[in-house]
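Me: I am new to this structure. Can you show me how to read its features, step by step?
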Amino acid sequence: MTHALALAERGLFTTQPNPRVGCVIAHGDAVVGEGWHRRAGGPHAEVFALREAGERGHGATAYVTLEPCGLHGRTPPCADALIAAGVQRVVIAAEDTSQAEGAGLARLRAAGITVETGLMREPARELNAGFFHRIERGRPFVRVKLAMSLDGRTALANGASQWITGEAARADGQRWRARSSAILSGSGTILADNPRLTVRLPTDTEIAPPLRVVLDRRLRTPAGSHILDAAAPSLLLHGADADVPAHLAGVERTVVGERGRGLDLGEVLQRLAARGCNEVHVEAGPTLGGALLEAGLVDELLVYIAPVLLGDDARPLLHLPALADMDARWKLQLLDQRMLGSDLRLRLRPAGA
């Protein structure tokens, strides 16, 4: 199963909106077939593994990181492929909560195949945290990426921020972009920095370009903005009363309800979930990042800390409400930490998440 999970990770950048899945066919310790889901609409992991196994799949054990599908979708049910191959036993890491309860399990068991579930369930779910989050909670998994100085600042008072972190940290950030379904930012960031919000990895790296999403309540995105180019799909979310300038007439736009002084962030995420977005990667200013955290909509923080100081007048990491006492502080749990060149990367989640 460890090997099946490693295979599944090969689809980290390409399977959206489908989950990342790996499969190993084995007789005892001898692997006779392996495969992983490579892209939406293509064969699933079990199909690739069974093709490689051929007749050796008969009487074998299949180790699959996600419950084989039991229903017709873009492809036939993988449970049927395992049955037809004569597989004797199927070991499954995580149940697939997106299909009718136990549909794949039921088909396999009805065919007389021994089925076991739960082996390395947590790593399998973690690999597909966004998929399960969308299916089970109705919104994508939200990851907020932040880069800051040692004194918690993200830019100078005049807005200059390139570059706080070094090349290794920036390259790592590109990989987190690549695994996301959508890259979310606000109109303030578009106006200040004119970012491309695209994935820049070596040219031989296959990716499914994430959707670029901008919260632009009043449709202030100017002509010539990089997010209006053809490098990746873009979506502008705006208020009902916004006037549509001529240069945005042909850009995909969606009206979203408003809450307070901005767009309704819960509705924003629901709309992205309806489009099949599993993981949303947020790169924005302190206002949007703080609003998402305050609304309880942040599932993970990706914080890059550079060994530099920017001073009191520099811009803060997040805009959050003032606290009356220390008991109200925002508590986070540290998942991992890693050095990237001279910078430190912290991955954190809200305590109790």
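Me: Let me start with cysteine 23. Is cysteine 23 buried or exposed?

Reply: This is a predicted model, so read each value as computed from it. Buried means under 20% relative accessible area. Cysteine 23 has 0% relative accessibility, so cysteine 23 counts as buried.

Me: How many disulfides are there?

Reply: Start with the general idea. A disulfide is a covalent bond between the sulfur atoms of two cysteines. To count one here, the two sulfur atoms must lie within 2.5 Å. By this rule the count is zero. Take cysteine 23, which is in no disulfide. Its nearest cysteine sulfur belongs to cysteine 78, 8.6 Å away.

Me: And why does cysteine 78 not bond to cysteine 69?

Reply: Check the distance. Cysteine 69 holds the closest cysteine sulfur to that of cysteine 78, but the gap is 3.7 Å, so it is too far for a bond. Cysteine 78 also counts as buried, because its relative accessible area is 1%.

Me: Now a helix. Which residues of helix α4 are buried?

Reply: Go along the helix and pick out the residues below the burial cut-off. Helix α4 spans residues 103-110. Its buried residues are Ala103, Gly104, Leu105 and Leu108. Then ask what lies over them. The cover includes α3 (78-84), β4 (89-94) and β5 (114-117).

Me: What follows α4?

Reply: Look at the backbone angles past the helix. Glycine 112 follows α4, and its phi is positive, near 85 degrees.

Me: How many residues of strand β10 are buried?

Reply: For a strand, check both faces. β10 covers residues 234-238, and five of its five residues are buried. Ser234, Leu236 and His238 point one way. Leu235 and Leu237 point the other way.

Me: Which strands are joined to β10?

Reply: Follow the bridges on each strand. β9 (residues 211-215) runs parallel to β10, with four bridges between them. There, arginine 212 has serine 234 of β10 as its bridge partner. β11 (residues 253-255) also runs parallel to β10, with three bridges. On that side, histidine 238 is partnered with valine 255 in β11.

Me: Where is threonine 165, and what is in contact with it?

Reply: Place the residue first, then list its contacts. Threonine 165 sits in the loop between β7 (153-155) and α7 (167-178). Its relative accessibility is 11%, so threonine 165 counts as buried. Set aside neighbours within four places in sequence. Threonine 165 is then in contact with Ala147, Arg170, Tyr304, Ala306 and Asp343. Distance along the chain is another thing to check. Methionine 148 is 17 residues from threonine 165 along the chain, with 7.7 Å between their C-alpha atoms.

Me: Try the same with proline 316. Where is proline 316 found?

Reply: Proline 316 is in strand β16. Its relative accessibility is 25%, so proline 316 counts as partly exposed. Leaving out neighbours within four places in sequence, its contacts are Gly152, Arg153, Thr154 and Pro286. Glutamate 9 is 307 residues from proline 316 along the chain, and their C-alpha atoms are 35 Å apart.

Me: One last feature. Which residues form a nonpolar patch on the surface?

Reply: Look for nonpolar side chains that are grouped and accessible. Here the patch is Leu320, Leu323 and Trp330, with about 250 Å² of accessible area together. Leucine 323 lies in the loop between β16 (315-316) and β17 (332-340). Its relative accessibility is 43%, so leucine 323 counts as partly exposed.

Definitions and conventions. Residues are numbered from 1 along each chain as its sequence is written. This is a predicted model: local features need pLDDT of at least 70, side-chain atom pairs count only at pLDDT 80 or more; totals for chains, interfaces and linings use all residues. Side-chain values use heavy atoms; hydrogens and water are left out. Patches are made of residues with over 30% relative accessible area and no salt bridge: like charges are joined within 9 Å, nonpolar side chains (Val, Leu, Ile, Met, Phe, Trp, Tyr) within 5 Å. Accessible areas come from the Shrake-Rupley method with a 1.4 Å probe; for residues, only the protein chains shown count as cover. A salt bridge is a side-chain nitrogen of Lys or Arg within 4 Å of a carboxyl oxygen of Asp or Glu. Helices (H or I, at least four residues) and strands (E, at least two) are DSSP runs, numbered from the N terminus. Buried means under 20% relative accessible area, exposed over 50%, partly exposed in between (1.4 Å probe, protein chains only). Contact means heavy atoms within 4.5 Å. Two strands pair if DSSP finds at least two bridges between them.
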